[in-house]
Amino acid sequence: MAEMPMPKMGDAMEEGTIVQWLKAEGDPVKEEEPLAEIETEKSTVQIVSFETGILSRILVKEGETVPVGAPIALIQAEGETTAPAEPAEAPAAAKAPAAKVPAAVAAGSASTAPPPVVERHQPEVRAQNPVQERLRVSPLARRLAEEGGVDLARIAGTGPSGRILEADIREHLKAAPEPAVPAPHPAPAPAPVGPPAAGDDDREMSRIRKVIARRMTESKQTVPHFYITVDVDMKEALALRKRLNEREGGTPITITDMILKACAAALARVPAANASALGDKVRFHSRINLGLAVAIDQGLVVPVLNDCQSKSLTQIAADTRPLVQRAREGKLQPQEMTGATFTISNLGMFDVDSFVAIVNPPEAAILAVGSIEERPVAKDGVVVVSPRMKMTLSADHRVLDGAVAAQFTQQLKRLLQTPLDLLE
């Protein structure tokens, strides 16, 4: 009898909610066959069975939320005749071999009882260093240690079997004489809201909104932002887009597609801007993976368009449309929301003149794009009216200096003003 655990569908996931069971108790199931739909902090996704057999028992009902790694169902393997055992009062998390877990499901590791700390359910990640391979470290703790330059061999873990937890790393950083990231000044206490007035409606934050609130607060407190704004003449870009979209049977091109292609080309020309902060290190990425902020009812998600350094404008347009559609429908897979090296947030369709965005760590920068509007400008001593668009780059000063950021925005502006280069 195998236990099906609540899988970990992304780094930020700590718990999941069963939205719908696609199989009933007693139904036959096949390996890799969809078993249920779960809701995570970012989307609703299908999970698949890692066994062929019978869905013997459903342990978590629709609408219930459990931590990553907690058992959600029992599957009687094909040919197994043992009667289903009664689940213990505190059932163990899944212990199925890694080879049996399909690539689409990153399941959490086992623990002997549901612990109060969600980290204990998370899978072990083996480091390349042989010394670290012998250490038991949670993924969050390992990532925090890498960012803070902490030697894991010097940490005494407080988790089960000496496992190093995120709290252990934070305690070590707190006690260190020279922390990798200076602690931010404490924010002033918020003013009391007071009792609700008639008609007020207090609502629980959605999971996505909670993740946004936590990550953006951490970013503003720990990342030294600076900003560069450029004003772009979009006359030629609009004319090229019109010509491209008049082609019969061609892929429709949007302004966002052109901005994505221009960013990819500009990052290729200024590779220092395609980087991430990793504690005392900076990682310069060989791939250009562009995140695109998409507004949904629950908040904001950022699907990722991978390997844009090798994609044409038409390929980017063809790949972006279904990706955005899945984002709006809440059907993005975890791998479609991770790995971005640079992000674009476009509010031009909402008639926004300009705005600044918050860097999404560990990325070094994010581009905020405003609307295109007719404005008077001076050209060769004559005032003319032309379609203009403002773009503001928010950059992490730990990774980028002003000169590098300016070189990037200069290349970006040049590409959009001479857009035939986007067709290369």
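Two strands are taken to pair if DSSP finds at least two bridges between them, where strands (E, at least two residues) and helices (H or I, at least four) are DSSP runs numbered from the N terminus. In this sense strand 3 (28-29) and strand 6 are joined by 2 bridges and run antiparallel. The structure is a predicted model, in which local features need pLDDT of at least 70 and side-chain atom pairs count only at pLDDT 80 or more, while totals for chains, interfaces and linings use all residues. Residues are numbered from 1 along each chain as its sequence is written, and side-chain values use heavy atoms, with hydrogens and water left out.

## Strand pairing around strand 8

Within the pairing of strand 3 with strand 6, Val 29 stands opposite Gly 53 of strand 6. Strand 6 (residues 53-58) is also joined to strand 8, by 5 bridges and again in the antiparallel sense. Ile 54 has Gln 76 of strand 8 as its bridge partner, and Arg 57 stands opposite Leu 74 of that strand. Strand 8 further pairs with strand 1, antiparallel and over 4 bridges, and here Leu 74 is the bridge partner of Glu 3. Leu 74 thus appears in bridges with Glu 3 and with Arg 57.

How much of strand 8 is buried? Of the 7 residues of strand 8 (residues 71-77), 6 are buried, so the strand is largely enclosed by the rest of the structure; buried stands for under 20% relative accessible area, exposed for over 50%, and partly exposed for the range in between, with a 1.4 Å probe and protein chains only.

## Backbone features in loops

Pro 7 sits in the loop between strand 1 (2-5) and strand 2 (15-21) and counts as buried at 0% relative accessibility. Its C-alpha atom is separated by 5.8 Å from that of Val 68, although the two residues are 61 apart along the chain. Another proline, Pro 362, lies in the loop between strand 16 and strand 17, and the peptide bond leading to it from Pro 361 is cis, with omega near 5 degrees.

Two residues other than glycine have a positive phi, namely Glu 32 and Asp 307. Both are partly exposed, as the table sets out.

| Residue | Phi | Loop | Relative accessible area |
|---|---|---|---|
| Glu 32 | about 75 degrees | between strand 3 (28-29) and strand 4 (34-39) | 43% |
| Asp 307 | near 55 degrees | between strand 15 (304-305) and helix 7 | 24% |

## An aromatic pair and the cysteines

A pair of aromatic rings is described by the distance of the centres and the angle of the planes. Rings of Phe, Tyr and Trp (its six-membered ring) pair if their centres lie within 6.5 Å, and planes under 30 degrees apart count as stacked, over 60 as edge-to-face and the rest as tilted. By this rule the count is 1 aromatic pair. The partners are Phe 342 and Phe 408, in a tilted arrangement with 5.3 Å from centre to centre and 55 degrees between the planes. This pair links distant parts of the chain, with Phe 342 in strand 16 (residues 342-346) and Phe 408 in helix 8 (residues 402-417), 66 residues apart. Both Phe 342 and Phe 408 are buried.

Why do Cys 263 and Cys 308 not form a bond? The sulfur of Cys 263 has its closest cysteine sulfur in Cys 308, and the two do not bond because the distance of 9.5 Å is too far, a disulfide being a pair of cysteine sulfur atoms within 2.5 Å. The structure accordingly holds 0 disulfides. Cys 263 is buried with a relative accessible area of 0%, and Cys 308 is buried with 1%.

## The second largest pocket

A pocket is an open set of points on a 1 Å grid over the protein atoms alone, where a 1.4 Å probe fits, with protein on both sides within 12 Å along at least five of seven lines; lining residues have an atom within 4 Å of a point. The lining of the second largest pocket comprises 29 residues, of which Thr 256, Leu 292, Arg 328, Asn 346 and Met 349 lie nearest its centre. Among the elements that give two or more residues to this lining are helix 5 (235-245), helix 6 (255-269), strand 16 and strand 17 (365-379), while helix 7 gives the most, with 6 residues.
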